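This briefing introduces the aromatic side chains of one structure to a reader who has not met it before. Please look over the sequence and the model below, and then read on.

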Amino acid sequence: MERAKKLAKRIVGADKDPKVQTVSSGDFFKENTQGMTITGFCIDYLRRLFPILGWIGRYNLTWLTGDLIAGLTVGVILIPQSMSYAKVATLPPQYGLYSSFIGVFVYCFFATSKDVSIGPVAVMSLEVATVIAKVDLKDPGRWTAPEIATTLALFCGFITLGIGLLRVGWIVEFISAPAVAGFMTGSAITIASQQLPGLLGIASRFNTRAAAYFEIIHSFKNLPYCTKDAAFGIVGLLFLYLIQHGTKYLGHRYPKYARTFFFIGTARNGFVIVILTLASYLYCHPRVDKKGNYPIAILKTVPKGFQDVGVFAIDRDLTSAIASELPVATIIMLLEHIAIGKSFGRINGYKIDPNQELVAIGVTNTIGSFFNAYPATGSFSRTAVKAKSGVRTPLAGLFTGVTVIVALYALTDAFFWIPTAGLSAIIIAAVSDLVASPRVIYNFWRVSPLECIIWWAAVLVTVFSSIENGIYTAISASGALLLLRVARPQGQFLGRVLIRRTHGPETVYREVFVPIKTFQPAYGKVLNPHIKVELPAPGVVIFRPEESVVYPNSSLLTGGLVDYIKENTRRGKDMSMVSLADRTWNDPGPRAGHAALSEAQLAKPILKAIVLDFTAVSSIDTTAVQALIDTRADVERWADHEVAFHFCHILSPWIRRGLIAGGFGIASDERKRGGIPIEIVPIAGPQKMEDPESEFYYDALREHPTDEEAAHITDDTEQVQPNRSAASSLSDFEGSLVSQQTPYFHFDISSAVQAAERGGTGDVTMTAGSVAASISSMDKAVMKEV
């Protein structure tokens with residue numbers, strides 16, 4: 001086996017690698033599987049599938065009281081809302097009740113959020129209506145609307161459940177919050193515009209499934225043709241807003257009764273529906289004609305109980321017909337639910353598990369298909385009410401489900417007289433909460449103008465086209481912005497500023513490194529534009545990438561670094577001494593008889609070292625390492641000698657491994673003889689030069705630090721006193737902070753710049769005089785007016 005291993009290393013060239021210890025794939029698996037067994041993993045996985053097992057044993061009477069109140073409150077809202085949303089989905093009203101019952105009943109067993117209320121929602125209902133219309137257009141009359149909706153629920157549930165079980169719910173994070181908010185706002189406007197004809201009684205005069213702008217224009221054109229339905233719809237809408245804002249005002253005006261006013265406000269849908277139903281009955285009952293028609297549009301017969309429930313049969317042709325619509329429907333289901341869960345988790349001080357939430361809505365919709373339910377997900381308005389009602393656990397959904405069942409069996413006769421204009425009023429009032437306020441839009445602009453543009457794009461496309469195009473626009477724009485930020489990052493060239501802080505009689509100096517272009521307007525709003533930033537020593541360049549260095553951006557970052565070097569340093573070789581025949585075609589150099597360099601160019605230094613600050617770099621890939629290798633070759637040709645590359649703040653072992661593979665960090669024989677300064681820190685106890693467990697090459701250990709290894713500057717700057725760290729009280733032994741096998745990798749930027757400015761030569765020990773001289777030379781960089 002050992003012989004085969006050596007042969008394999010020889011074949012791939014690993015036997016020629018520098019003998020530097022780096023992280024391995026085995027280390028990665030050990031770190032991520034430490035203390036884990038297959039049995040333990042399976043038990044933990046199953047336990048996380050049923051979060052209810054973690055808290056049901058602690059259930060108590062106080063929790064029961066809160067859950068009962070919240071569950072009944074949401075139930076009162078859910079009954080009229082679910083029938084209204086079934087109307088949006090172009091389904092009979094009982095299907096909204098079926099979705100409501102199964103949603104709240106099943107979710108509580110899998111939920112990681114106590115607040116989220118599952119059931120029919122406006123945006124999902126609109127998508128269901130769109131799918132039904134498209135399928136019916138392709139094959140008219142072959143399938144009923146409930147069959148299409150239930151099939152959609154089944155397959156959306158399968159997909160969502162699979163994503164959750166595979167624990168890849170993080171894919172939802174690729175869509176930004178402004179993109180989701182823009183889509184939700186556009187969808188809310190679309191839904192409200194489609195309900196406006198029903199509110200006014202003019203739905204039969206034009207197509208109410210067109211784009212939102214079309215609906216709004218034609219609604220205004222047909223205002224002269226409003227029917228008696230408008231009296232019920234407009235009055236109902238006014239009362240909904242009056243109760244909502246009136247109770248909110250009274251709650252602030254009389255804080256003692258705020259909770260009472262809150263419950264009155266949350267029950268406004270029920271109040272309005274009861275009043276409108278009673279008025280509809282009194283008006284319509286004596287005015288029915290011989291054909292059974294009534295003067296206004298009413299709900300009419302709603303089947304009692306679960307008459308449409310049964311085993312669902314999958315139709316292959318129907319599955320093929322809805323396949324192209326599944327991505328949009330699933331995305332809407334995921335986005336709305338996760339966004340609501342995270343939002344209320346932040347508000348109420350807990351954290352949801354996105355993967356488990358996807359499992360919950362996946363199971364809900366899969367089981368719901370056996371009850372002929374249509375797709376359900378988290379509702380913003382009902383979740384807000386549930387949270388404010390004092391809910392304590394997800395078990396509140398059981399009480400909501402019981403309320404819906406009671407309505408299905410006891411109230412269906414009363415549902416007959418509900419005016420459809422009243423349901424339109426409830427929908428319009430409900431979706432208005434989904435529209436982003438001007439303050440929210442302004443905050444998007446303040447935080448990120450580009451994301452505010454994405455918000456507007458999602459809204460406009462949804463309103464003027466369709467919700468499918470709106471969601472695709474939101475996703476595409478989010479992805480494009482993410483790629484833009486990765487592919488076109490900024491990088492800063494740094495200079496030194498010395499900070500002086502006075503604490504009583506003691507004055508402490510500390511050097512920091514800031515962008516050289518602080519005088520520019522954008523940076524002048526972050527740092528004092530009057531600070532004079534001292535450039536590094538001649539021939540030293542400090543560069544800080546502001547993003548991980550990966551294949552989309554490596555050429556941009558390294559290209560910018562090379563361009564800066566060629567602009568600010570002079571060539572190391574006199575090209576006037578090189579014949580034209582020996583020059584490359586794209587670098588002709590000075591003509592014969594002309595000076596090689598101008599006076600301005602002669603004043604520039606020759607490049608000696610480059611310091612790369614990897615503070616913001618979390619990963620690096622093969623293309624990036626190759627770009628750094630090409631950069632090294634390019635700048636060394638320019639300088640006509642070897643250029644030292646110093647790195648700092650490399651805290652990822654995989655970045656370190658990649659750079660070492662590219663030949664960085666390790667010292668050549670020439671550089672080893674130069675003597676790179678070593679960072680020394682206290683350690684737990686005496687160890688060998690090479691620790692067999694960590695494979696870390698340490699400095700020779702001493703019981704007392706030198707002045708350079710731990711020093712601080714006192715007022716007269718002539719004395720250097722040892723400054724032991726807190727860890728020194730535990731041990732008198734010290735060792736190097738980073739491995740001596742990679743002397744060009746430094747822990748912080750100060751040590752990297754110090755090593756670069758010394759050029760890798762000189763005594764390692766820094767005397768008190770050299771410290772004072774260093775401070776004196778840097779004192780020019782202390783803040784002053786330019």
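**Aromatic rings and their neighbours**

Tyr-95, Tyr-98, Phe-101, Phe-105, Phe-306, Phe-371 and Tyr-409 together make up one aromatic cluster. The model in which these rings are placed is a predicted one. Across the structure there are 27 aromatic pairs, and the pair formed by Trp-55 and Tyr-59 counts as tilted, because the ring centres are 6.3 Å apart and the ring planes stand at 45 degrees.

**Trp-55 and Tyr-59**
- Trp-55 has a relative accessible area of 12%, and this residue is therefore counted as buried.
- Tyr-59, its partner in the tilted pair, has a relative accessibility of 23% and so is classed as partly exposed.

**Phe-493 and Phe-543**
- Phe-493 and Phe-543 also form a tilted aromatic pair, with 4.8 Å from centre to centre and 45 degrees between the planes.
- Because Phe-493 belongs to strand 3 (residues 491-503) and Phe-543 to strand 5 (residues 540-545), this pair ties together parts that are 50 residues apart in sequence.
- Phe-493 is buried at 15% relative accessibility, and Phe-543 is likewise buried, with a relative accessible area of 5%.

**Charged ends over rings**
- The charged end of Arg-253 is placed over the ring of Tyr-254, at 5.1 Å from the centre of that ring.
- Arg-632 has its charged end over the ring of Phe-664, where the distance to the ring centre is 4.2 Å.

Terms used:
Residues numbered from 1 in each chain as written. Predicted model: local features only at pLDDT ≥ 70, side-chain atom pairs only at ≥ 80, totals over all residues. Heavy atoms only, no water. Phe/Tyr/Trp six-rings, centres within 6.5 Å; stacked < 30°, edge-to-face > 60°. Buried < 20%, exposed > 50% of the residue type's maximum accessible area, 1.4 Å probe, protein only. Helix = DSSP H or I, 4+ residues; strand = E, 2+ residues; numbered from the N terminus. Lys NZ or Arg CZ within 6 Å of the ring centre and 35° of its normal.
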